[in-house]
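Me: I am new to reading protein structures and would like a close look at one part of this one. Could you walk me through the strands and what packs around them?

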Amino acid sequence: NSSNNMKTLLSLLTFGLFAASAIPAQAADTRIFEMRVYYAAEGKLDALHARFRDHTTALFTKHGMTNLGYFVPTGENPERKLVYFLAYPDKAARDASWKGFMNDPAWKKAYAESHKNGVLVARVENAFLTATDYSALAEAKNYGVGVFELRTYTTEDGRLPNLNARFRDHTLKLFEKHGMTNVTYWNLAADQKGAKSKLVPDNTLLYLLTHKSEEAAKASFGAFRADPAWIAAKEASEKKAGGSLTIKDGVKSEFLKPTDYSFVK
């Protein structure tokens, strides 16, 4: 009986090993991402939304770009800001897609018609991003909530790897524990040639969460910060790095809501 039990145990262990090995690891997201922020001219935000809704997003798709999220701030929007994210296979594909888009007769027509009563966009900022190795695959998805939070952490020089390690090993799991949903995590891409402003500083982690509401976000972060597991992880990471991982006032947060034409909702 002892021999039979041992054989059964070995069989179960062997099956478990093969079953585990058959589960593919999450593939790294090697795409290049672009964060673009448009500041609409006075009185033109609705017209800008209409152009994206009726023309731009479809033309982006036509020219090989992947539409992700299109967002506006949840509260007042005095800057008339539109924040959106696109993905491309690589930087060369990005440049080729934009060249094709800008030269497309359908875009030229839509652009000209939208400008009959004045320019729609006063200013554009952009930055190129890469997914962290712990980020979920960024995709068009309905999260079923109306509140997203865009957070940016800027680190002391040389401490971005420490911050990424803390998020990878501790923070993501603790966010989920306290009712927050991880959407995606990015670092600034090395090649920023063509970026029109320093929208995202160097040594930055930029990420998106979802919450049931802004009030729920406040409660979740309160519980998260009081969690002994977080306190221990924070202390250990700072001890290893030799101090705070982020610069003074280096953590920024903005609540966003998806537009009606956003692919991520």
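**A walk around the barrel**

Reply: Happy to help! Let's begin with one pair of neighbours: strand β2 (residues 66-73) and strand β3 (residues 81-88) run antiparallel and are joined by four bridges. Within this pair, N67 of β2 stands opposite L86 in β3. Please keep in mind that this is a predicted model.

Now let's step back to see where that pair belongs. Eight strands close into a barrel, and following them around gives the order β1-β3-β2-β8-β5-β7-β6-β4, with antiparallel pairing. From one strand to the next, the twist averages 35°. A general point helps here: strands of a sheet pair through backbone hydrogen bonds, and the pairing is either parallel or antiparallel.

Next, look at what lies against the sheet. Helix α2 (residues 45-62) packs on it, touching β1 (32-40), β2, β3 and β4 (121-131). The direction of α2 makes about 170° with that of β2. Helix α3 (residues 91-102) lies across β1, β3 and β4, and runs at about 40° to β1.

Let's move along the barrel to strand β5 (residues 147-155). Nine of its nine residues are buried, so β5 is largely enclosed by the rest of the structure. You can check this one face at a time: V147, E149, R151, Y153 and T155 are buried on one side, and F148, L150, T152 and T154 are buried on the other. In the barrel order, β5 sits between β8 and β7. With strand β7 (residues 204-211), β5 pairs in the antiparallel sense over eight bridges, and T210 of β7 is the bridge partner of F148. With strand β8 (residues 246-258), β5 also runs antiparallel, this time joined by seven bridges. There, Y153 has V251 of β8 as its bridge partner.

One more stop is a single side chain, W107, which you will find in helix α4 (residues 105-114). W107 has a relative accessible area of 8%, so it counts as buried. Leaving aside residues up to four places away in sequence, W107 touches R51, T56, L59, F101 and M102. The C-alpha atom of W107 is also separated by 7.4 Å from that of H55, although these two residues are 52 residues apart along the chain.

To finish, find a pair of helices: α6 (residues 214-226) and α7 (residues 228-241) have axes that come within 5 Å and cross at roughly 65°. F224, R225 and A226 of α6 meet P228, W230 and I231 of α7. By class, this contact has five nonpolar residues, one charged residue and no polar ones.

How values were computed
Residues numbered from 1 in each chain as written. Predicted model: local features only at pLDDT ≥ 70, side-chain atom pairs only at ≥ 80, totals over all residues. Heavy atoms only, no water. Axes fitted to C-alpha atoms, helices over the stretch in contact; angles between N-to-C directions. Helix = DSSP H or I, 4+ residues; strand = E, 2+ residues; numbered from the N terminus. Contact = heavy atoms within 4.5 Å. Nonpolar A, V, L, I, M, F, W, Y, C, P; charged D, E, K, R; others polar. Buried < 20%, exposed > 50% of the residue type's maximum accessible area, 1.4 Å probe, protein only. Pairing = 2+ DSSP bridges.
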